[in-house]
Amino acid sequence: MVTTRRESAGASDASLEGARVLIVEGRYYEALADELLAGARKALEAAGVEVEVITVPGALEIPIAIEIALEASEITGIAVDAAVGLGVVIRGETFHFDIVAGESARGIMEIGMAHALPVGNGILTVDTEAQAWERARVSEGNKGGGAAEAALNLLRLKRRLEA
């Protein structure tokens with residue numbers, strides 16, 4: 001009989017010592033961006049990692065900024081160990097919502113896969129501003145904190161498997 005042990009990605013005790021996490025935040029909805037950032041910072045600071053924040057205009061620029069930061073880290077030698085994308089896309093009356101929501105998510109996923117980079121996607125894609133607030137508030141959905149935790153869990157997994 002063969003037995004297997006299931007373990008979640010974040011269940012290991014792999015150290016986050018010395019880790020540097022990049023947050024790229026889209027500021028199109030500034031008050032919501034502030035709330036998402038507060039949640040992400042809280043989670044990352046609790047983990048004891050170094051945090052760098054880059055601001056871009058909106059969600060569509062987030063994957064591009066992460067890629068630029070990764071290329072710059074190769075030049076400077078200052079590692080980016082994980083990234084978190086934060087932003088809000090609220091459905092409007094045009095097809096633009098679908099493009100921004102889908103392409104920003106695809107871009108983040110492609111970066112994670114291409115670089116084996118732990119990435120947390122905290123880009124909210126909602127129908128209304130009220131839905132965005134329910135998800136963004138640290139006291140409610142805390143999706144900023146959730147995206148940061150996802151990136152940290154993947155970083156722990158990566159470090160455990162690379163050890």
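**Contacts, cores and helices**

Trainee: Let's start with Ala 19: which residues does Ala 19 touch, leaving out residues up to four places away in sequence?
Mentor: Set aside anything up to four places away in sequence, and the contacts of Ala 19 are Val 49, Glu 50, Asp 81, Leu 155 and Arg 159. Keep in mind that we're looking at a predicted model. Ala 19 itself sits in the segment before β1. So, for Ala 19, your list is Val 49, Glu 50, Asp 81, Leu 155 and Arg 159.

Trainee: Is Ala 19 buried or exposed?
Mentor: Its relative accessible area comes out at 2%. Buried means under 20%, so Ala 19 is buried.

Trainee: How far apart are the C-alpha atoms of Ala 19 and Ile 64?
Mentor: Along the chain, Ala 19 and Ile 64 are 45 residues apart. In space, their C-alpha atoms are separated by 22 Å.

Trainee: Before we go on, what pLDDT does the protein average?
Mentor: Of the residues, 92% score at least 70. Residues 3–12 are a stretch to watch, with pLDDT below 50 and eight contacts beyond near neighbours in sequence. Where pLDDT is low, the predicted coordinates shouldn't be read in detail. As for the protein's average pLDDT, it is 92.

Trainee: Which residues have the most contacts inside the largest nonpolar core?
Mentor: That core has 25 residues. β1, α1, β3, β4, α4 and α5 each supply at least two of them. The residues with the most contacts inside this core are Val 84 and Leu 86.

Trainee: And which element gives the most to this core?
Mentor: Among the elements supplying at least two residues are strand β3 (82–90) and helix α5 (143–162). The top contributor gives six residues, and that is α1.

Trainee: Where is Ala 47, and is it buried, exposed or partly exposed?
Mentor: Ala 47 belongs to helix α1. Leaving aside neighbours within four places in sequence, Ala 47 is in contact with Leu 16 and Leu 152. Its C-alpha atom and that of Ala 83, 36 residues along the chain, are separated by 14 Å. At 26% relative accessibility, Ala 47 in α1 counts as partly exposed.

Trainee: Back to the core: which residues of β4 does Leu 86 share contacts with, given that β4 covers 119–126?
Mentor: Leu 86 touches a dozen-odd places along the chain, including Ile 23, Leu 36, Ala 40 and Ala 147. Residues 119–126 make up β4. The contacts of Leu 86 that fall in that range are Gly 122 and Ile 123.Trainee: Is Gly 122 buried or exposed?
Mentor: Gly 122 lies in strand β4. Among its contacts are Leu 36, Gly 85, Leu 86 and Lys 143, with residues up to four places away not counted. Its relative accessibility is 2%, so Gly 122 counts as buried.

Trainee: How do helices α2 and α3 run relative to each other, roughly parallel or roughly antiparallel?
Mentor: The axes of α2 (residues 62–76) and α3 (residues 96–115) come within 8 Å and cross at roughly 25°. Angles under 35 degrees count as roughly parallel. So α2 and α3 are roughly parallel.

Trainee: How many residues of the contact of α2 with α3 are nonpolar?
Mentor: From α2 you have Ile 62, Pro 63, Ile 66, Glu 67 and Leu 70, which meet Ser 104, Gly 107, Ile 108, Ile 111 and His 115 in α3. Three of the residues in this contact are polar and one is charged. The nonpolar ones number six.

Trainee: What is the relative accessible area of Ser 104?
Mentor: Ser 104 is in helix α3. Beyond residues up to four places away in sequence, Ser 104 touches Ala 59, Leu 60, Pro 63, Ile 99 and Ile 123. Ser 104 is buried, and its relative accessible area is 1%.

Trainee: Last one: in which loop do we find Ala 116, with its positive phi?
Mentor: Phi of Ala 116 is near 50°, a positive value in a residue other than glycine. At 48% relative accessibility, Ala 116 counts as partly exposed. You'll find Ala 116 in the loop between α3 and β4.

Notes:
Residues numbered from 1 in each chain as written. Predicted model: local features only at pLDDT ≥ 70, side-chain atom pairs only at ≥ 80, totals over all residues. Heavy atoms only, no water. Axes fitted to C-alpha atoms, helices over the stretch in contact; angles between N-to-C directions. Helix = DSSP H or I, 4+ residues; strand = E, 2+ residues; numbered from the N terminus. Parallel < 35°, antiparallel > 145°, perpendicular 65-115°, else oblique. Contact = heavy atoms within 4.5 Å. Nonpolar A, V, L, I, M, F, W, Y, C, P; charged D, E, K, R; others polar. pLDDT = per-residue confidence, 0-100. Core = buried A, V, L, I, M, F, W, Y, C linked by side-chain atoms within 4.5 Å. Buried < 20%, exposed > 50% of the residue type's maximum accessible area, 1.4 Å probe, protein only.
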